[in-house]
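Visitor: I would like a close look at a single part of this protein, taken slowly and followed outward to whatever surrounds it. Please choose one strand and stay with it for a while.

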Amino acid sequence: MKRNKFYVTTPIYYVNDAPHIGHAYTTILADVLARFHRALGDDTFFLTGLDEHGQKVQQAAEKRGLAPKQHCDDLAPRFSDLWKTLGISNDDFIRTTEARHVSVVQAILQKVHANGDIYQKEYEGLYSVAEERFITEKEAESGQFREVKTLKEKNYFFKMSKHQDRLIKYIEDNPGFIRPEHRKNEMLGFLRQPLGDLCISRPKARLSWGIEIPFDRDYVTYVWFDALINYISAIGYMADEDKFKRFWPAVHLIGKDILTTHSIYWTTMLFSLDLPLPEAIFAHGWWLMGESKMSKSLGNVVRPLDLIEQHGVDAVRYYLMSEMNLGSDANFTPENFIKRYNSDLANDFGNLLNRVSGLIAKNHGGIIPEAGTPSSADEEVVVTGRALGPKVEALIRDYKVDEALNEIMNLIRQVNKYMEAQAPWKLAKTDLPAAGRVLYTATEALRLSAVLLKAVMPTKVATVLEILGVADSGLSWGELKSGVLLPAFPPLFPRIEVEKKV
RNA sequence: CGCGGGGUAGAGCAGCCCGGUAGCUCGUCAGGCUCAUAACCUGAAGGUCCUUGGUUCAAAUCCAAGCCCCGCAACCA
């Protein structure tokens, strides 16, 4: 039987940026998908990394009196350390300054040049000396740019326009390629206009911190042309063809801000290289802080580390995954976080585990009771439980993590109702085995939910499954072992008490 | 101007494609239970389903017009 493969990427983040909740979100999402697919037995590869070239890095390094590379080396751990803290299970971490990447970018430039898809031309446009970049007419009119003058410059261009029709057809023929759907429409709308060519060079006189263009030493390549290639350089394009063939094409998770770069620049580059296009490009929304966008000037940037310190990694992962649905924007507020945490994790999931294990301790000597012959009430739980795995799998394969989590919580809610109806604490007085049967059913449902929550909350779930004595159990009903001693344990997700404002 | 998405209880959303008692989570209120992390369960209140008109026995759902919100509008080289 052929194994499915799953190659998922995050964007490579700009090394100069301070990591914020948005970076954390994309990376956690990728991690959750990767963990799910690994659990499903798919041949999985999960890549993230850093974009380290460009003007901002050069300038920031100069300011600090450091070589750009040194500057990057200093800053890179801000991301890689955060990923460790967040429990990110990436298989590789690529930095665009690494030799393995630089050589592939240069080889690709040569190849595309040889294909005739790169040409040189002189460009004349409005240039802001203060900003050190060309600006559009609109921007010039806005008056926000100083020292604007007309500048002529020779540069290299990539023939994006050549691939336009092919790209349109591809997007139309592959409905799941750009997700969610409305983003696909946006891109098709964008492509209705004639596509220009992409300038892919910078004269070294203006910008030296980049990858040198092999056929013209006076230039470095444009950061995006450099950066996008990470998705294939990291898995061995032109270096380890077996690995490359094993994993390419990828699923790219990106923020909606860089949809054009991915669905237009990157795809036409791949066309030129005669490589398959990505399996999917998924653009998620922004995290809004209350009503406004997160921004440094507003001082409302959420630092993931603060949250984790207060409430733990798993809770933060769960919150981000459950609160953001598909491609829309989501609202981040501490109040929301606490509500979600208390109702789902503390009151429903954590508390259910507590009541079940408490009853087992009290009435069954702490030993997991026999499953017995299910009553019709038990059977309802079993049916939901059995159906849950496939349901969740389908949702995850469709990138609907929030819906998958909701399905899992629905089982938990159902079990709470079932407990109430069966009242094993009463049953124990008249029919101990029947009470045991109910508790077995409830605990087994809990175990099953835990297994499905593993990708989102790896640490807590590991604890739960250890407590239940079935660390490596899977998704079939009945893997919970009777006769095993349930140890005592502190509440899994202690409620967050909020002082009410008077 | 253009293209795309949306407007459903206090909040966040589902339902709309394939018309027929308007549903879920959170919040509020009342009750129950007492195994549990003041948790859990039940019930209630709360909706002109943006507006207007049309089709139909029947429209949140289909059609038309309008209002409002949001996204895209590259060539930021």
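Guide: What follows is a walk around one strand, its partners and the helix that comes after it.

The model is a predicted one, and the strand I would choose is S12, which spans residues 251-255 and is mostly covered, with five of its five residues buried. Along S12, Val251, Leu253 and Gly255 point one way, while His252 and Ile254 point the other way, and all are buried. In general, the side chains of a regular strand alternate between the two faces of the sheet.

S12 pairs with two strands that can be taken in turn. With strand S1 (residues 5-14) the pairing is in the parallel sense and runs over two bridges, and here Val8 stands opposite Val251 of S12. With strand S13 (residues 280-284) the pairing is again in the parallel sense, now over five bridges, and Ile254 has Ala283 of S13 as its bridge partner. The connection between S12 and S13 involves helix H11 (residues 259-273), and these three elements make a right-handed β-α-β unit.

From H11 the view can be carried on to another helix. In general, two packed helices are described by the angle between their axes and the distance between the axes. Helix H7 (residues 181-190) packs with H11 at an angle of about 55°, their axes being 11 Å apart. Because an angle between 35 and 65 degrees falls outside both the roughly parallel and the roughly perpendicular ranges, H7 counts as oblique to H11. The crossing of H7 and H11 is right-handed.

For contrast with the parallel pairings of S12, consider an open sheet of three strands, whose order is S9-S11-S10 and whose pairing is antiparallel. Its edge strands are S9 (201-203) and S10 (212-213), each of which pairs on one side only. S9 and strand S11 (residues 216-221) pair in the antiparallel sense over three bridges, with Val220 in S11 as the bridge partner of Arg202.

Finally, the nonpolar interior gives the wider setting. In soluble globular proteins, nonpolar side chains tend to be buried together. The largest nonpolar core here has 101 residues, and those with the most contacts inside it are Leu86, Trp287, Leu320, Met321, Phe349 and Val415. Apart from that core lies another, of 55 residues, which includes Ile171, Leu188, Tyr219 and Leu228.

Conventions. Residues are numbered from 1 along each chain as its sequence is written. Chains are lettered from A and ligands numbered from 1 in the order in which they are written. This is a predicted model: local features need pLDDT of at least 70, side-chain atom pairs count only at pLDDT 80 or more; totals for chains, interfaces and linings use all residues. Side-chain values use heavy atoms; hydrogens and water are left out. A nonpolar core is a set of buried Ala, Val, Leu, Ile, Met, Phe, Trp, Tyr and Cys residues joined through side-chain atoms within 4.5 Å. Buried means under 20% relative accessible area, exposed over 50%, partly exposed in between (1.4 Å probe, protein chains only). Helices (H or I, at least four residues) and strands (E, at least two) are DSSP runs, numbered from the N terminus. Two strands pair if DSSP finds at least two bridges between them. A crossover is right-handed if, with the strands pointing away from the viewer, the path from the first strand over the helix to the second runs clockwise. Axes are lines fitted to C-alpha atoms, for helices over the stretch in contact, and angles run from 0 to 180 degrees between N-to-C directions. Angles under 35 degrees count as roughly parallel, over 145 as roughly antiparallel, 65 to 115 as roughly perpendicular and the rest as oblique. A crossing is left-handed if the near helix is turned anticlockwise from the far one by less than a right angle, and right-handed if clockwise.
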